[in-house]
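Please open the two-chain model in your viewer and keep the selection panel at hand. The tour moves from one selection to the next, and each stop says what is to be found there.

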Amino acid sequence: MQRSNTYIVIFSLILTIVLGGLLSLASVGLRPAQKRAEELATKRQILSAVMEVDPNANILPIFDKRIKTIVVDIKGNIIESDEMGNPIDASDVDIERQFKLKPEERMYPVFMFHDENDPDDIKAYIFAFYGNGLWDNIWGYVALETDMNTITGVVFDHAAETPGLGARITEKQVEERYDGKKIFNEEGVLVSVDMLKGENNPPAALNEHKVNGMSGATITGKGVNRMLKNYFEFYLPYIERLKGKDQKVARLLSN
Amino acid sequence: MAETLEKEIVKKPSEPLLSKRRKKFVTDPLNEDNPITIQVLGICSALAVTTQLKPTMVMALSVTFVMIFSSLFTSLLRNLIPIRVRIIVQLAIIASLVSLVNEVLHAYAFDVYKQLSVFVGLIITNCIVMGRLEAFAMGNKPYDSVLDAFGSAMGYSWIIIAVAFFRELLGSGKLFGFAIFENIGWSSFPTNGLMVSPVGAFIILGLIIWVQRAKTGYVEQH
């Protein structure tokens, strides 16, 4: 049956309003549960940069027991409260929102992985990274040993990289390539770690600062490189400060 | 007057809920008219999501949910939907349901949500869903349409679950993430890397189609 144009327009309007309304209801109603799921996934990621995490384990108690957090600014100073004077918790820092600010204005969370019983016995420092991939944002967590140079582990994640190509940055096998790499060269200058183009680079091409790339995902790899380089630089003042502290302790011990 | 009315009602006995005709809606797509192996629709997701059983099950459930409810709503509205914009209306219904599924997965099955990533969204373009709406739900009553959608969804589901079963078993030696071979003491089981890649899905799908056609004697018309 042929309907009039008015009928079609009104029908489409009603359909749009009804469906749109339902979807917004669902979106608003499910938002808290989604937030909780995301928080859990983030904490799982942070932990998996430094330890094996059992997929069925209850993450929150482990996280609270093993991780303490601080927030630093670009000069390496610890920030304890925001402009309004409210205390800041690193777990609440929305790295995506921070990424949209200028680097000088951002807050940089640091997660300290410590001994189960002694919170002062820190095993590794985990830093949060954020950057641009090929299609959308990518982010990750990199754990440094207490020498503030050797990478203990990394985890990457992405919003919309190509499945099977750029999305492989989330695979363990790719992330493990970073283990044991160094971010400073012998002169003590920050060089970060670069992912090369292509998968099977000759061993001679790889060194302490270079890892194998992913074939078909060169641009995602470049995004990862840029992200690492940028954020290591943003964290550098804080890293230097920790390094200095470490050397002081070493000097005291040797005297 | 009252007598004639009664007679008319007696004349038209209502069809049993699962009459022979209706049973065919459900059973046909399982085998003889399977959406994947015979109509060769929905191949994209059949290749992409079937490396492991768990996400495959979630995908199958999602598709079933979307198919049943989109068929139901389309069929209920079939006399109201203006014929000139019917495709857009069908698409709007499907897309809304898919978004709903996506939001629910995001909230309650975050790891699967991330694993399936774009493929949940791509249910919208799964030809099986729209094919059934256009071919069946637009012209049939709600109950029949739901049965038809359920049949097609099951036809899709059993194939992808079968593919995922073999891919996870042979590709990673696991089922639902549980290391089968290690636990029966065969820890040196050689896993097949081909099965983890989409090519493995093609091979298994091909084998299923071969067995099926050998049994049903189905031949493509040229």
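Is β6(A) mostly covered or mostly uncovered? Select that strand to begin with: β6(A) is mostly covered, as 7 of its 8 residues are buried. Please keep in mind throughout that this is a predicted model.

**The sheet of chain A**

Widen the selection from β6(A) to the sheet it belongs to, an open one in which 6 strands of chain A follow the order β2-β1-β3-β4-β5-β6 with antiparallel pairing. Its edges are formed by β2 (78-79) and β6 of chain A, each of which pairs on one side only. Now place α1(A) over this sheet: the helix packs on it, touching β1, β3, β4, β5 and β6 of chain A, and its direction makes about 150 degrees with that of β6(A).

Next, isolate β5(A) and β6(A), two antiparallel strands that are joined by 7 bridges. Two pairs of residues serve as markers here: A143(A) stands opposite G153(A) in β6(A), and W139(A) stands opposite D157(A) in β6(A). If you then follow the hairpin of these two strands, you pass through 5 residues between them, and in this hairpin M148(A) has a positive phi near 55 degrees.

**The core of chain A**

Which residues have the most contacts inside the largest nonpolar core? Select A49(A), I126(A), F127(A), F129(A), Y141(A), V142(A) and A143(A), which hold that place in a core of 49 residues. To see where this core draws its members from, colour the elements of chain A that give two or more residues to it, namely α1 (5-48), α2 (59-66), β1 (67-72), β3 (108-114), β4 (122-132), β5 (137-145), β6 (151-158) and α5 (218-254). Among these, α5(A) gives the most, with 9 residues.

For a view from inside, centre on Y141(A) and, leaving aside its neighbours within four places in sequence, show the residues in contact with it: Q45(A), I46(A), A49(A), I126(A), F127(A), A128(A), F129(A), V154(A) and V155(A). A second, separate core has 43 residues, and to find it you can select V66(B), Y113(B), Y156(B) and I159(B), which are among its members.

**A glycine in α5(A)**

Return to chain A and pick G223(A), which is found in helix α5 of that chain. Why does G223(A) count as buried? It does so because 24 other C-beta atoms lie within 10 Å, where 20 or more are required. Not counting residues up to four places away in sequence, G223(A) touches G131(A), N132(A), G133(A), L134(A) and I138(A). A distance line drawn from G223(A) to N137(A) should read 9.1 Å between the C-alpha atoms, although the two residues are 86 apart along the chain.

**Where the chains meet**

Now show both chains together and select the contact between them, to which chain A and chain B each bring 19 residues. On the side of chain A that touches chain B, there are 14 nonpolar, 3 polar and 2 charged residues.

Within view of both chains, select α1(A) and helix α5 (residues 86-108) of chain B, whose axes come within 8 Å and cross at roughly 10 degrees. Since an angle under 35 degrees counts as roughly parallel, α1(A) is therefore roughly parallel to α5(B). The residues that make this contact include L15(A), L19(A), L22(A) and L23(A) of α1(A), together with V89(B), A92(B), S96(B) and S99(B) of α5(B). By class, the contact of these two helices has 14 nonpolar, 5 polar and 1 charged residues.

**Each chain as a whole**

Finally, zoom out and look at the chains in turn. Chain A has 5 helices and 8 strands, and its C-alpha trace spans about 95 × 50 × 40 Å along the principal axes. Of its 255 residues, 27% are buried. Chain B has 12 helices and 2 strands, and its C-alpha atoms fill a box of roughly 80 × 40 × 40 Å along the principal axes. Of the 222 residues of chain B, 36% count as buried. If you display contacts between residues at least 6 apart in sequence, 51% of those in chain A join residues at least 24 apart, while in chain B the share is 78%.

Notes. Residues are numbered from 1 along each chain as its sequence is written. Chains are lettered from A and ligands numbered from 1 in the order in which they are written. This is a predicted model: local features need pLDDT of at least 70, side-chain atom pairs count only at pLDDT 80 or more; totals for chains, interfaces and linings use all residues. A nonpolar core is a set of buried Ala, Val, Leu, Ile, Met, Phe, Trp, Tyr and Cys residues joined through C-beta atoms within 7 Å. A residue is buried if 20 or more other C-beta atoms lie within 10 Å of its own, exposed if 12 or fewer, and partly exposed in between; C-beta atoms are placed from the backbone. Helices (H or I, at least four residues) and strands (E, at least two) are DSSP runs, numbered from the N terminus. Two residues are in contact if their C-beta atoms, placed from the backbone, lie within 7 Å. Ala, Val, Leu, Ile, Met, Phe, Trp, Tyr, Cys and Pro count as nonpolar, Asp, Glu, Lys and Arg as charged, and the others, Gly among them, as polar. Two strands pair if DSSP finds at least two bridges between them. Axes are lines fitted to C-alpha atoms, for helices over the stretch in contact, and angles run from 0 to 180 degrees between N-to-C directions. Angles under 35 degrees count as roughly parallel, over 145 as roughly antiparallel, 65 to 115 as roughly perpendicular and the rest as oblique.
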